[in-house]
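Reader: I would like a close look at a single part of this model, with its surroundings described residue by residue. Please begin with one side chain and work outwards from there.

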Amino acid sequence: MVASAYASDFHLLASDIPWDEEEIMDQFRFGLRNDVKDILLTFHEDPKSLTKAISRAVPCDNIL
């Protein structure tokens, strides 16, 4: 699944889960493809919000 579709679905589902932001972001990262995670770890510092994590993951996936 491409990151943009995954992010859209994830964001919708995450709005119904009573977790804190860090737990939600951990789950978001877990579901990303490994090559996208590799790029995020190499080139970016950890985002502070789910919105920021999504805005970084989608372009990385688009490049791949």
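What is the relative accessible area of Asp35, and does that make Asp35 buried, partly exposed or exposed? From there, please turn to helix α4 and what packs against α4.

Author: The model is a predicted one, in which local features need pLDDT of at least 70 and side-chain atom pairs count only at pLDDT 80 or more, while totals for chains, interfaces and linings use all residues. Residues are numbered from 1 along each chain as its sequence is written, and side-chain values use heavy atoms, with hydrogens and water left out.

Asp35 has a relative accessible area of 32% and is therefore partly exposed, where buried means under 20%, exposed over 50% and partly exposed in between, with a 1.4 Å probe and protein chains only. Asp35 lies in helix α3, helices being DSSP runs of H or I with at least four residues, numbered from the N terminus. Its C-alpha atom is 9.0 Å from that of Cys60, although the two are 25 residues apart in sequence, and Cys60 is among the buried residues of α4.

Helix α4 covers residues 50-63. Its 14 residues should span 20 Å at 1.5 Å a residue (the expected span being 1.5 Å times one less than the number of residues), and the end C-alpha atoms are 20 Å apart, which agrees. The buried residues of α4 are Leu50, Ala53, Ile54, Arg56, Ala57, Val58, Cys60 and Asp61, and they pack against α1, α2 and α3. Ser55, also in α4, has a relative accessibility of 42% and so counts as partly exposed; its C-alpha atom is 9.2 Å from that of Ser4, 51 residues away along the chain.

The axes of α3 (residues 34-43) and α4 come within 9 Å and cross at roughly 120°, axes being lines fitted to C-alpha atoms over the stretch in contact and angles running from 0 to 180 degrees between N-to-C directions. The two helices are therefore oblique to each other (under 35 degrees counts as roughly parallel, over 145 as roughly antiparallel, 65 to 115 as roughly perpendicular and the rest as oblique). Val36, Ile39 and Leu40 of α3 meet Arg56, Ala57, Cys60 and Asp61 of α4, contact meaning heavy atoms within 4.5 Å. These residues divide into five nonpolar, no polar and two charged, with Ala, Val, Leu, Ile, Met, Phe, Trp, Tyr, Cys and Pro counted as nonpolar, Asp, Glu, Lys and Arg as charged, and the others, Gly among them, as polar.

Helix α1 packs against α4 at about 160°, with the axes 9 Å apart, which makes α1 roughly antiparallel to α4. Ala3, Ser4, Ala7, Phe10, His11 and Ala14 of α1 make this contact with Leu50, Thr51, Ile54, Ala57, Val58 and Asp61 of α4, a set of eight nonpolar, three polar and one charged residues. Of the α1 residues, Ala14 is buried at a relative accessible area of 9%, and, residues up to four places away in sequence not being counted, Ala14 touches Ile24 and Leu50. The C-alpha atoms of Ala14 and Leu50 are 9.5 Å apart across 36 residues of chain.

Helix α2 and α4 pack at an angle of about 20°, again with axes 9 Å apart, and are therefore roughly parallel to each other. Here Glu21, Ile24, Met25 and Phe28 of α2 meet Leu50, Ala53, Ile54 and Ala57 of α4, and by class the contact has seven nonpolar, no polar and one charged residues.
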